[in-house]
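I have opened a fresh page for a structure I had not looked at before. Come along as I note what I looked up.

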Amino acid sequence: MSLVSLDLTGGQVLGPEGLRAADVYLSDGRIVDASDGRKIDLSGFLVLPGIVDIHGDGFERHLAPRRGAMKQMAEGLIAAEAEFAANGITTAVLAQFVSWEGGLRGPEFAENVFDAIRQTAPTLVTDLKAQLRFETHLLDLHAQLPQQIADWGVDYVVFNDHLPHDRLSQGRQPPRMVGQALKAGRNPDQHFAMMLGLHARSAEVPPALDRLCAELRAMGVRMGSHDESRPIDREVWHARGVDISEFPETIEAAEAARYNGEAVILGAPNVVRGGSHKGNASAVELISMGLCDALASDYHYPSPRRAALMLAKSGIGDFASCWRLISQGPADILGLSDRGDLSPGKRADIVILEEKSYRVAATLAAGQFSYMSGEIANRFM
């Protein structure tokens with residue numbers, strides 16, 4: 001596709017040293033050293049690297065706004081992309097469960113989601129990528145999972161264990177279990193029996209994961225673990241070649257990942273809220289200790305931008321280092337060397353903010369506009 005050449009002039013551009021008055025030249029979807037493109041005056045705006053959202057499941061509400069309304073996956077992804085773009089996200093990793101919870105997180109729904117991403121993503125401006133969040137105790141699915149992952153076109157898997165083992169070991173129903181079962185279209189008694197059965201096979205899970213991770217590693221699949229609370233948990237995953245730690249729940253778990261040179265991803269909503277909604281370690285504290293490589297939207301797409309701005313304003317880091325947590329940091333973890341900063345040769349993935357309000361004025365992914373609103377539209381038109 002032939003893309004228009006543009007010279008973005010007069011704005012405050014973010015580089016490694018921070019914001020400074022500079023021009024940015026775009027040609028054929030890339031940032032270039034110089035251009036004879038049409039000049040656009042961006043005085044009064046900030047020109048920043050596009051946001052790389054490394055983990056988010058907020059798209060679920062677009063794909064299934066209510067039970068039974070799950071027929072038009074492509075339309076849901078188009079609606080989700082509009083939300084990504086309005087929040088400055090140029091690369092979005094869609095975290096889809098395969099879980100014992102069923103419903104929107106069951107294997108059948110996941111297959112439909114991955115099929116829709118594979119078919120629809122090439123038609124969109126935002127770069128959409130799929131992540132599989134796999135519940136470790138689904139032992140009956142382990143053998144077929146590598147082939148399914150290949151068929152789905154997924155190259156990033158994160159392992160979760162959300163079974164309430166303490167309750168199950170006592171034979172007690174967990175809170176909200178009945179609602180969870182009904183939401184998935186299951187009889188609550190059968191749902192509880194299934195959970196007890198999965199818990200009873202816990203001793204089989206570690207060796208099964210050893211085998212599964214070895215096979216996925218041989219396939220070149222990127223792997224992460226989720227919600228670790230103890231250093232030993234990270235050590236076990238490290239031994240399996242799982243080198244990404246998503247949302248560690250304690251400082252000790254994050255330190256264990258850092259000791260092994262592994263990537264740590266935290267939730268941007270944790271920063272915006274001022275703490276974890278589950279009472280886990282504060283993301284702000286972990287960031288101030290140097291224990292964070294990337295922030296993710298988790299369940300709220302406006303949060304990455306807001307978190308980076310809040311961190312910079314609070315003095316946790318300078319503007320460049322804080323924005324890096326939502327741009328180059330996650331790009332590096334994903335192996336996307338073609339984006340994350342505004343140096344020549346990189347993709348023209350750019351978010352333009354109003355200098356006074358910090359609102360998103362425009363978003364470009366690979367030189368194409370995915371979002372534009374307000375005064376800046378007059379500048380371009």
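These entries cover a sheet, its middle strands, a helix beside it and some salt bridges.

**Entry 1: the sheet**

I kept in mind from the start that this is a predicted model. I began with an open sheet and asked in what order its 6 strands come. I read the order as E3-E2-E7-E16-E17-E18, and the pairing is mixed. Next I looked at the edges, where I found strand E3 (18–21) and strand E18 (368–372). Each has a single partner strand, so one side of each is left without a neighbour in the sheet. I also looked up the twist: neighbouring strands here are turned by 25° against each other on average, direction ignored.

**Entry 2: E16 and its two partners**

I then followed strand E16. How many bridges pair E7 with E16? I noted 5 bridges between E7 (residues 45–49) and E16 (residues 350–354), in the antiparallel sense. Two positions caught my eye: Pro49 has Ile350 of E16 as its bridge partner, and Leu46 stands opposite Leu353 in E16.

On to E17, which runs antiparallel to E16 and is joined to it by 4 bridges. Here I met Leu353 again, with Val360 in E17 as its bridge partner. So my notes on Leu353 place Leu46 opposite it and Val360 as its bridge partner in E17.

I looked at the hairpin of E16 and E17 too, and counted 5 residues between the strands. In that hairpin, Tyr358 takes a positive phi near 65°.

Is E16 mostly covered or mostly open? I found it mostly covered, with 4 of its 5 residues buried.

**Entry 3: a helix across the strands**

I turned to helix H2 (residues 73–86) and saw that it lies across strand E17 (360–365) and E18. Relative to E18, helix H2 runs at about 80°.

**Entry 4: salt bridges around Arg379**

I searched the whole structure for salt bridges and got 21. One of them joins Asp41 and Arg379, with the closest N and O atoms 4.0 Å apart. Why did I mark this pair? Asp41 lies in strand E6 (residues 38–41) and Arg379 in helix H16 (residues 375–380), so the pair ties together parts that are 338 residues apart in sequence. I checked exposure as well: Asp41 is partly exposed at 40% relative accessible area, and Arg379 is partly exposed at 25%.

Arg379 also forms a salt bridge with Glu375, and there the closest N and O atoms are 3.1 Å apart. This one stays within helix H16: the two residues are 4 apart, which puts about one helical turn between them. Glu375 counts as partly exposed, at 42% relative accessibility.

**Entry 5: another pair, and a network**

I looked up Arg201 next and found a salt bridge with Asp140, the closest N and O atoms being 3.2 Å apart. Where do the two partners sit? Arg201 is in the loop between helix H7 (188–200) and helix H8 (205–218), while Asp140 is in the loop between strand E10 (127–135) and helix H4 (145–152). This pair links distant parts of the chain, 61 residues apart. Arg201 is partly exposed at 30% relative accessibility, whereas Asp140 is exposed, at 62%.

My last note is on a network: Asp127, Lys129, Asp338 and Arg339 are joined into one by salt bridges that share partners.

Definitions and conventions: Residues are numbered from 1 along each chain as its sequence is written. This is a predicted model: local features need pLDDT of at least 70, side-chain atom pairs count only at pLDDT 80 or more; totals for chains, interfaces and linings use all residues. Side-chain values use heavy atoms; hydrogens and water are left out. Two strands pair if DSSP finds at least two bridges between them. Axes are lines fitted to C-alpha atoms, for helices over the stretch in contact, and angles run from 0 to 180 degrees between N-to-C directions. Contact means heavy atoms within 4.5 Å. A salt bridge is a side-chain nitrogen of Lys or Arg within 4 Å of a carboxyl oxygen of Asp or Glu. Buried means under 20% relative accessible area, exposed over 50%, partly exposed in between (1.4 Å probe, protein chains only).
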